[in-house]
Amino acid sequence: MTTFPATRLRRLRRTSRLRSLVRETRLDLGDFVMPLFVCPGEGVVHPLEGLPGIGQRSVDALVDEAETLVALGVSAVLLFGIPEEKDEEGSGAYDEDGIVQRALLELRARFPELVLATDVCLCEYTSHGHCGILEGEDILNDVTVAHVAEAALSHAVAGVDFVAPSDMMDGRVAAIRTLLDERGLERVGIMSYAAKYCSAFYGPFRDAADSAPQFGDRRSYQLDVRNRSDALASSRRCAIRAGRLPVQRGDYEPSARGSQSRATRSRCRSGSRCRLHGSGRVRAPPGCAVRGGNRAVRGRRVSGMRDSR
Ligand SMILES: [Zn+2]
């Protein structure tokens with residue numbers, strides 16, 4: 001390789017046209033994903049002070065917003081849900097009639113070309129505001145993963161293109177991929193929040209998602225900003241199964257509101273045999289409420305989607 005003075009790298013920086021000609025990175029509308037927050041109600045548009053131009057919208061208002069976005073050339077949106085009620089298990093996250101699931105059905109029907117992605121986590125839906133299922137004040141990793149995978153599946157059935165798990169539990173990407181594939185939903189991608197730091201930069205999203213942990217913080221599952229190698233290892237691990245990693249300015253630390261819930265327990269077919277919902281003790285969920293309760297719905301919706309493809 002020749003060096004100065006034979007090589008003068010500034011030759012390619014001299015004019016605007018030259019710089020444009022050799023530019024390696026180009027960003028346009030097609031590179032961006034618009035975040036949308038969907039909330040209960042009708043005709044609701046609630047602007048968010050911390051995120052200018054962004055608001056919480058009911059499903060009907062969300063459809064209007066999507067129409068505007070599509071007309072402007074936006075090609076992808078990422079949905080965050082704010083449920084009417086919250087409970088300990090965050091059951092609204094995997095309810096087939098949940099707020100995000102309803103929004104997906106509407107958007108998919110009206111905007112077949114729009115790329116639909118969804119945040120997949122429990123924190124918007126849990127009364128305690130944490131991203132997982134609790135035992136005492138501990139977050140149970142594997143139980144949470146089973147619920148997060150159920151949430152992803154419900155979004156997939158409702159027509160999502162990409163699910164974006166943000167919970168930071170170990171093993172969630174593999175569990176989601178396995179469950180989606182088992183249900184014939186191989187076409188649905190995973191856009192994992194692989195290296196999500198516990199950070200104050202996420203403040204605006206706290207308001208947007210209308211929730212925050214009721215106690216403690218997220219340090220036991222989100223990354224420490226001081227640990228670069230942990231971030232790289234997490235990203236590599238997720239990339240193997242997910243294939244897509246989003247780049248995000250920040251994320252949110254949801255808080256809890258409206259904690260009194262429709263109890264998942266009441267929907268559990270396993271009754272007292274279910275260690276998660278029957279006894280009130282949180283344990284591994286095989287055969288429990290959520291899995292059993294969703295099965296029939298899953299089958300119906302999945303076959304409906306196959307018919308429409
Ligand atoms: Zn979360």
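This is a short guided tour of the structure, stop by stop, with something to select at each one.

**The whole chain**

Start with everything shown, and keep in mind that this is a predicted model. You should find eight helices and 10 strands. The protein has 309 residues, and 41% of them count as buried. Of the contacts between residues at least 6 apart in sequence, 71% join residues at least 24 apart.

Now colour by confidence. The mean pLDDT is 80, and 77% of the residues reach 70 or more. Select residues 249-309 and you will see a stretch with pLDDT below 50, which still has 127 contacts in the model beyond near neighbours in sequence.

**The nonpolar core**

Next, select Val38, Ala103, Val148, Ala152, Ala156, Val160 and Val163. These are the residues with the most contacts inside the largest nonpolar core, a group of 62 residues. Add helix α4, residues 141-157, which gives the most to this core with 10 residues. In soluble globular proteins, nonpolar side chains tend to be buried together.

Zoom in on Val160. What is valine 160 in contact with, leaving aside its neighbours within four places in sequence? Look for Leu104, Leu116, Ala117, Thr118, His155 and Val188.

**Strand β8 and its partners**

Move along to strand β8, residues 162-165. Phe162 and Ala164 point one way, while Val163 and Pro165 point the other way, and all are buried. In a regular strand the side chains alternate between the two faces of the sheet.

Now show strand β5, residues 115-120. β5 runs parallel to β8, and four bridges join them. To line up this pair by eye, find Ala117, which stands opposite Phe162.

Then add strand β9, residues 189-191, which pairs with β8 in the parallel sense over two bridges. Here the landmark is Val163, with Ile190 of β9 opposite. Follow the chain from β8 through helix α5, residues 172-182, to β9: this β-α-β crossover is right-handed.

**Along the crossover**

On the way from β8 to α5, stop at Met168 in the loop between them. What is the sign of phi at methionine 168? It is positive, about 70°, although Met168 is not a glycine. Most residues other than glycine have a negative phi, and most peptide bonds are trans. Is methionine 168 buried or exposed? With 26 other C-beta atoms within 10 Å, Met168 is buried.

Continue into α5 and select its buried residues: Arg172, Val173, Ala175, Ile176, Arg177 and Leu180. After the helix comes Gly184, whose phi is positive, near 75°.

**Helix α3**

Jump back to helix α3, residues 99-110. You can check its length with a distance tool: at 1.5 Å a residue, its 12 residues should span 16 Å, and the end C-alpha atoms are 17 Å apart, which agrees. Its buried residues are Ile99, Val100, Gln101, Ala103, Leu104 and Leu107. Which elements do the buried residues of α3 pack against? Show β1 (34-38), α2 (59-72), β4 (76-81), β5 and α4 to see them.

**A last stop**

Finish with Phe4 and Pro5, which are joined by a cis peptide bond with omega of about 10°. Pro5 lies in the segment before α1, the helix at 16-21.

Definitions and conventions. Residues are numbered from 1 along each chain as its sequence is written. A residue is buried if 20 or more other C-beta atoms lie within 10 Å of its own, exposed if 12 or fewer, and partly exposed in between; C-beta atoms are placed from the backbone. Two residues are in contact if their C-beta atoms, placed from the backbone, lie within 7 Å. A nonpolar core is a set of buried Ala, Val, Leu, Ile, Met, Phe, Trp, Tyr and Cys residues joined through C-beta atoms within 7 Å. Two strands pair if DSSP finds at least two bridges between them. A crossover is right-handed if, with the strands pointing away from the viewer, the path from the first strand over the helix to the second runs clockwise. pLDDT is the predictor's confidence in each residue, from 0 to 100. The expected span of a helix is 1.5 Å times one less than its number of residues.
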